[in-house]
Protein chains: 2
Amino acid sequence: MVKRLLDERRFLELKDHLKEMNSPDIANMLEEMDKEDLLIVFRLLEKDRAADVFSYMEVERQQYLVENIREGEVENVINSLFLDDVVDFLEEMPANVVKRVLKLTPTERRSNINKLLKYPEDSAGSLMTVEFMALKKSMTVREALDVIRSVGRESVSINTCFITDRTKKLEGVLSLKDIVLAKEDEVVEELMERFPVTVKTVDDQEDVIKAFKKYDLDLVAVVDVEEKMVGVITVDDVIDALEEENTEDIQKMNAVEPMETEYKKTGIFSLAKHRIVWLFVLMISATLTGRVIGRYEEVLENAVILAAFIPMLMDTGGNAGSQASSLIIRGLALGEIEKKDLPGIIFKEMRVGVLVGLGLATANFLRLAFFEKIDPMVAMVVCSTLVFTVTTAKTIGGTLPIIAKTLKLDPAIMAAPLITTIVDTISLLIYFYFATTFLKLV
Amino acid sequence: MVKRLLDERRFLELKDHLKEMNSPDIANMLEEMDKEDLLIVFRLLEKDRAADVFSYMEVERQQYLVENIREGEVENVINSLFLDDVVDFLEEMPANVVKRVLKLTPTERRSNINKLLKYPEDSAGSLMTVEFMALKKSMTVREALDVIRSVGRESVSINTCFITDRTKKLEGVLSLKDIVLAKEDEVVEELMERFPVTVKTVDDQEDVIKAFKKYDLDLVAVVDVEEKMVGVITVDDVIDALEEENTEDIQKMNAVEPMETEYKKTGIFSLAKHRIVWLFVLMISATLTGRVIGRYEEVLENAVILAAFIPMLMDTGGNAGSQASSLIIRGLALGEIEKKDLPGIIFKEMRVGVLVGLGLATANFLRLAFFEKIDPMVAMVVCSTLVFTVTTAKTIGGTLPIIAKTLKLDPAIMAAPLITTIVDTISLLIYFYFATTFLKLV
């Protein structure tokens, strides 16, 4: 439709059509257009809309636009954006674009941008924007509404208003809903909620996420070290941060160093770099398991059949361990499990391990002894090892993430890959111990 | 503080103190109290507050309350809750509690509850609540505000208002912000946004999450098959659903069947049940790998040293594969990767695999040949296997999740455990092929 109007150069109709579309949808559409059309369509957008659409676009296209539209247009887009979106954009731009953009920005706004750019990545400060709706507690509802009507357009959200004193200390919050539902002569101080939830600029984004989940917020106040209110974080940015944290956890749990960029936009050298270090570490660790086999070479020479069960024992141990560790890692991330739960978890995983191990061993014994006609003593050794391996794997898998947390390491690294490597060695030690004891091979 | 006021039976002061606390914090506190104190404190809460606190409490405590407070109190709490919270609560209750609660509920409300209870789990219908703010397009802003003031208290949120026609078809949305900022004689129809984002009652919660992420919503309209508006979903429920989806993915990626309950609240039999099936399947699959070793028993007998490298090759192959599969699974979940990307991904993973494989093999060859003084031909066999294993593992790991998606299976099952088992067999086949070819053992 848009394509047709564009090809037939029916720009006025196209302009009307664009008015009825959502900004995210327009942004999506623009990403798939060729660059000339992109410029035409972008220029047909209304002033405010153009900035909104810009904020939803991907960084390469944003850069293309800024480098190819007139200075006045850049100025309009950049100065209509909320500050957090400007900062997100500038963080990805080369120095010359940053310079050009900052030159077009009024002084006060520029100094705010510079402040936001300085907050560490993944901090509350880096997520926040400064355009919030501030009220005074002495105002009546009528006065509050007057203020909201005069400056509300410039706030990222007015659904929650913040009551600050002369020194900018936060004294309370009041929802727009409560303002609208109140009588005109009621006073803000009596309506507002005291002791609002706040986060600090230096807090990690994980703490911000926790606050949103616990208090069902749609906007949170950010205060600095002096408890002065400096900004707000909106729920849509929190959802993005949440997905980022989850992606990071999944990457770490699979021995990939966290990557900032999307898979499709990451080059092969970068992809390789983020994988090889952990693979190397784990490869070297796995040679330890090889040593165990090396030590029992004679046993193997006398009963090569034992080698055939090594993959099954290693894999089952690794899987049993990573089941446990992944549940604990996730529980820690969601705050459902705490460090003090360690003894309970060890006891629980041991019992689960024994249950699961016995189940698997019984099934396997029947299969080996009756269907595969393996020497029952060998089957016995394999299946006893299974019980001990699974139990040990679950106990270790349940324990290590909590120990990592205690040592202030990220529990997510104690996942499948590392657990597998550790459990491998232990299962082979158990295996050969049982083999030498019961089969009297040496 | 609360404990002290309670012990000293200073109930009036306690009541005042509670007024200054957040509902989630009170709920948290109540969960840690003994049951008698719980009843006392709960009764000190104001009417509306009691329902709000109730909605934040855990299910066991909710049940205890409903079974131990007077009928009139139950009635008050249940009828002050938003319907989605009532439904969430009833879904967890035994039949006698459900019966008791429904008996205390007015007819119309009861029929709404019954409707909501019927939506399939994880559908948009099961997430929604029915108390939304409906306006008519012919209203002026003044009239709209009058309606909002008279019934707004009963809506779960009035930050977004929904404009419906006589048949309840959704015609547009209008934010409270825009209403407040408009002039009193403007008409809703001119202010409202047409073609609002909607989800269908039968949509999966994943689609709801996608809509929130794409359009930065704080409230979405839910329509039935006839496009009539039946409810709304709030962003806090979407965040919970998002975390649930992520937990489920992580569980599946680690061969745990998804569990509804928190780890600490799950008994050992249930924990064992959710793990043993996959472990069993993978154990049986791993015997295939054992077969490969069995087939090459003679080779191993002639060169037992080869056995010592099996764990390292298996682990590295498994890890390399699960790195790739986890990135693809996550990319699919976030919508960054689509089915049509398969050829590109295969090509990319092959190249990454060769890069990473060559890197690891070179390091390993130097270590084996010079530090461990292993026969260079053996080291050669091990390291060539490494290159091929890593490349194959990455290609398979990148491919299988997309194939799963094409077959309408959950890509998350194509993660570390299954990939490891598949890659194990392949790496051993490559290993023994190289060994027999280059070492001339048989």
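## Buried area and contact

Chain A and chain B bury about 10300 Å² between them. Carbon and sulfur atoms give 64% of that area. The model is predicted. Chain A puts 112 residues into the contact, and chain B puts in 113 residues.

## Polar links across the interface

Side chains of opposite charge can pair when their charged atoms come close. Between chain A and chain B the count is 14 salt bridges. One of them joins B:Arg275 to A:Glu349, with the closest N and O atoms 2.8 Å apart. Polar contacts were searched as well: 40 residue pairs meet the rule across the interface, with both residues at pLDDT 80 or more.

Which helix gives the largest share of the side of chain A that touches chain B? Helix α17 of chain A, residues 268-295, does, with 18 residues. By class, this side of chain A holds 57 nonpolar residues, 32 charged residues and 23 polar residues.

## Symmetry of the two copies

A turn of 180 degrees, with a shift of 0.0 Å along the axis, lays chain A on chain B. The RMSD of that fit is 0.1 Å. The two copies are therefore related as by a two-fold rotation axis. Both copies use the same surface: 100% of the contact residues of chain A recur in chain B.

## Helix α20 of chain A

Helix α20 of chain A covers residues 342-371. How does its span agree with its 30 residues? At 1.5 Å a residue, the helix should span 44 Å, and its end C-alpha atoms lie 42 Å apart, so the two values agree. Just after α20(A) comes A:Lys373, with a positive phi of about 50 degrees.

## Salt bridges over all chains

Over all chains, the whole structure has 53 salt bridges. Among them is the pair A:Arg142 and A:Glu184, at 3.1 Å from N to O. This pair links distant parts of the chain, 42 residues apart. A:Arg142 sits in helix α12 of chain A, residues 141-151. A:Glu184 sits in the loop between α13 (176-181) and α14 (188-191) of chain A.

How values were computed
Residues are numbered from 1 along each chain as its sequence is written. Chains are lettered from A and ligands numbered from 1 in the order in which they are written. This is a predicted model: local features need pLDDT of at least 70, side-chain atom pairs count only at pLDDT 80 or more; totals for chains, interfaces and linings use all residues. Side-chain values use heavy atoms; hydrogens and water are left out. Contact means heavy atoms within 4.5 Å. Buried area is the accessible area (1.4 Å probe) that two parts lose on being put together, summed over both. A salt bridge is a side-chain nitrogen of Lys or Arg within 4 Å of a carboxyl oxygen of Asp or Glu. A polar contact is a pair of N or O atoms within 3.5 Å; within protein, one must be able to donate a hydrogen and the other to accept it, and residues adjacent in sequence count only if both atoms are side-chain atoms. Helices (H or I, at least four residues) and strands (E, at least two) are DSSP runs, numbered from the N terminus. Ala, Val, Leu, Ile, Met, Phe, Trp, Tyr, Cys and Pro count as nonpolar, Asp, Glu, Lys and Arg as charged, and the others, Gly among them, as polar. The expected span of a helix is 1.5 Å times one less than its number of residues. Copies are superposed by least squares on the C-alpha atoms of residues with pLDDT of at least 70 in both.
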